[in-house]
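Please look over the sequence and structure shown here before reading the notes. They are written for a reader at the bench and are grouped by topic.

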Amino acid sequence: MMIKKLAFVTILLALVFGFEGGAFAKPTFIMVTHSPASDTYWASVIKGLEQAGVDLGVKVQYRGIENNLNDPNQQRRNLEAAIAAKPDGVIVSDPTPASLNATIKKAADAGIPVIIVNQGGDQVANVGALAFVGDDPGKQGAMGAAQFNALGSKHALIITAPIGALSFLDARTNGFKKAFAGTSALAEIPMTDFNNSNRIKTITESQLQKDPSIDAVFSIGGCCIAAMTQVRADLGDRGKEMHWGTIDVTAAATTSLKARELDFALDAQQYAQGYYPVVMLALYVRQAIQPAEPVLITGPIVITPNNVNRFAASSR
Amino acid sequence: MEALHVNAFQSGIRGNMSAKGVVSVLARPELTAVVGTIIVFVFFAVFTGQAGFLTLPMTRNYLEVGAEIGIIAAPVTLLMVAGEFDLSVGSMVAASEAIMGYLAVDSGWPLPAALAAALVVATVVGTINGFLVVKTKLPSFIITLAMLFILRGAAQGGLRMLVGTSTVDGIRDATVGDPLAVLFASSIGPFSISLVWWILVTMLAAWLLEKTAFGNWIYATGGDQRAAVRLGIPVKKVKILLYIAVAVSTTLVAALDMYAINQSDANAAVGREFEVVTAAVIGGALLTGGYGSPIGSLFGALLFGMVDQGFFFTPLPDVWFMTFLGLMLLAAVLINNYARLQAMKPGGGGS
């Protein structure tokens with residue numbers, strides 16, 4: 001009796017899984033990046049990735065790094081594991097081409113279509129990828145500078161990580177400095193304090209205390225928006241006379257824009273960096289369509305108090 | 001060691017102004033911590049006072065940094081005296097922030113309910129930590145390290161699942177008008193209310209350790225656990241209660257931090273456990289247990305806060321921050337150690 005029951009259940013399970021594995025197999029795309037899933041910027045990318053999976057009927061998976069941003073060894077190992085899983089497509093960020101290109105090429109050589117995402121836009125030909133969907137951090141910094149130039153700021157403070165810590169933040173900072181018409185100073189937040197909004201606030205206030213001629217503050221990313229908002233509130237009248245802007249848009253930034261306490265926020269639209277690669281891979285796998293342009297830059301666009309309401313209505 | 005401690009205490013409180021008396025007062029662990037902190041303060045006042053270190057807003061800031069370390073360092077000191085570590089405190093701060101932020105802002109709960117929920121979770125986590133440590137007799141280092149990872153992942157993953165990102169903004173607007181918010185959001189004069197909490201928690205911990213039977217139990221547990229058990233001291237209960245106290249203190253810091261910056265962050269307080277233990281050690285706590293002082297830890301946390309903020313007023317390039325911090329901490333412990341050894345030399349003070 002028991003054996004009969006067992007046999008029945010086993011056959012049933014085999015049918016279910018066999019069925020699933022066979023006729024209805026969905027394409028699987030794996031995204032391997034240099035960021036933990038908990039990072040506020042990448043959370044939006046992952047939302048885009050997952051929504052694209054739902055909309056297009058494909059399986060998507062995100063593999064990030066557990067602790068620090070940008071550990072090339074860990075990312076390389078994750079990529080090798082992803083290749084070994086024989087997915088139908090791989091989406092990978094390439095912040096350190098010297099460390100990662102060899103492994104990305106392995107994916108392309110194995111016949112897996114590759115899209116580079118977020119960083120590594122000039123590596124498409126080197127690794128045999130289909131295309132690049134991402135950011136140009138230098139342009140983001142330059143756009144921020146252009147906003148401040150239009151507002152007439154003369155001496156800006158950039159809240160950023162220590163130079164050399166994260167290459168895309170360096171690119172944003174350098175892009176800003178080149179394009180800004182005035183002079184700029186840096187508030188370099190030590191990496192140990194980088195996740196601590198309270199300390200970002202106190203360090204920024206120290207820099208503003210040291211230099212009363214600063215009339216504009218630029219935050220390099222979502223890390224520092226809450227702190228910057230608080231700094232403005234703490235400075236009282238001086239804060240109201242200064243100009244404040246940031247890269248990335250968070251809930252705090254949206255509230256500040258609506259209250260006209262923030263002059264602009266640059267939206268990298270990184271949700272699109274999760275969505276477009278899935279579209280490209282799905283078309284390639286199902287319809288053999290290849291991207292005609294090697295580079296697709298997703299942003300940034302400028303959000304100001306005048307157009308913030310339309311932005312806030314979206315859910316990314 | 002214990003006898004010297006008691007004698008120094010007694011001659012200290014008699015207000016003995018002779019050299020012997022003053023020096024014997026310095027033998028108290030907390031007061032040698034003061035020496036290091038005063039020297040660091042003088043350093044910053046002299047070299048960076050002009051640049052702005054001595055202004056009220058900057059003083060408020062380094063006191064805020066000191067408070068977010070010191071409020072946790074006080075019960076952690078008691079735990080270290082009892083011979084155990086808790087490395088999960090940073091993650092617990094983040095978990096408390098995530099819980100309160102989500103409940104108060106996204107679910108519309110009133111602040112007292114959100115706070116109560118976070119306190120319940122903290123108590124449960126503290127109980128689990130304590131229970132695992134006393135039942136398995138494994139090093140608390142490993143158990144609480146595992147809890148560090150579990151809590152951090154839970155805070156990040158939980159918040160991402162619920163709100164799609166790892167931060168929740170707008171706690172102040174969500175709880176505007178709530179009388180309880182005053183306890184966490186206001187200022188006392190030019191200083192943040194976190195300063196008041198910090199002093200109160202430290203005094204409570206010091207009173208508990210020095211003036212109550214429970215404090216004696218803590219000393220005995222850390223000094224010689226087997227003897228303590230034979231004396232009938234409920235060593236397991238002591239440790240579990242201390243773990244709960246530590247976890248509750250992290251919820252307090254979470255509330256204060258959330259209101260200071262108007263944001264809950266599941267990535268908050270990374271590395272806080274490290275800073276808290278450092279503050280306790282600067283304050284005289286032994287890593288091997290049996291000896292420590294919450295008041296000393298207050299000065300340790302204050303020193304940390306001063307260095308963390310004062311550095312930016314020195315002309316050094318920002319990239320040298322960590323080296324500077326390490327050198328200052330090393331100098332502080334060496335000075336404290338020297339002061340304590342001098343004070344306890346026979347003929348120079350002590351008994």
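What follows is a briefing on aromatic ring pairs and on one pocket.

The model is predicted, and the values below are computed from it. A search of the whole structure finds 23 aromatic pairs over all chains, two of which are described here in turn, followed by the second largest pocket.

**Aromatic pairs in chain B**

- Phe53(B) and Tyr62(B) make a stacked pair, with 5.0 Å from centre to centre and 10° between the planes, and both Phe53(B) and Tyr62(B) are buried.
- Phe311(B) and Phe321(B) pair edge-to-face, at 5.3 Å centre to centre and with 65° between the planes; this pair links distant parts of the chain, with Phe311(B) in the loop between helix 15 (294-310) and helix 16 (321-343) of chain B, and Phe321(B), ten residues apart from it, in helix 16 of chain B.
- Phe311(B) and Phe321(B) are likewise buried.
- Ring pairs join these four residues into a cluster that also includes Phe41(B), Phe43(B), Phe44(B), Phe47(B), Phe312(B) and Phe324(B).

**The second largest pocket**

- The second largest pocket has a volume of about 1000 Å³ and a lining of 41 residues, among which Thr250(A), Ala251(A), Ala252(A), Thr254(A) and Asp169(B) lie nearest its centre.
- Elements that each supply at least two residues of this lining include helix 2 (40-56) and helix 9 (225-235) of chain A, together with helix 5 (89-106) and strand 1 (167-169) of chain B.
- Helix 11 of chain A gives the largest share of the lining, six residues.
- By residue class, the lining of this pocket divides into 13 nonpolar, 17 polar and eleven charged residues.

Notes: Residues are numbered from 1 along each chain as its sequence is written. Chains are lettered from A and ligands numbered from 1 in the order in which they are written. This is a predicted model: local features need pLDDT of at least 70, side-chain atom pairs count only at pLDDT 80 or more; totals for chains, interfaces and linings use all residues. Side-chain values use heavy atoms; hydrogens and water are left out. Rings of Phe, Tyr and Trp (its six-membered ring) pair if their centres lie within 6.5 Å; planes under 30 degrees apart count as stacked, over 60 as edge-to-face and the rest as tilted. Buried means under 20% relative accessible area, exposed over 50%, partly exposed in between (1.4 Å probe, protein chains only). Helices (H or I, at least four residues) and strands (E, at least two) are DSSP runs, numbered from the N terminus. On a 1 Å grid over the protein atoms alone, a cavity is a set of points where a 1.4 Å probe fits but cannot get out, and a pocket is an open set with protein on both sides within 12 Å along at least five of seven lines; lining residues have an atom within 4 Å of a point. Grid points are joined across faces, edges and corners, and a volume is the space filled by probe spheres set on the points. Ala, Val, Leu, Ile, Met, Phe, Trp, Tyr, Cys and Pro count as nonpolar, Asp, Glu, Lys and Arg as charged, and the others, Gly among them, as polar.
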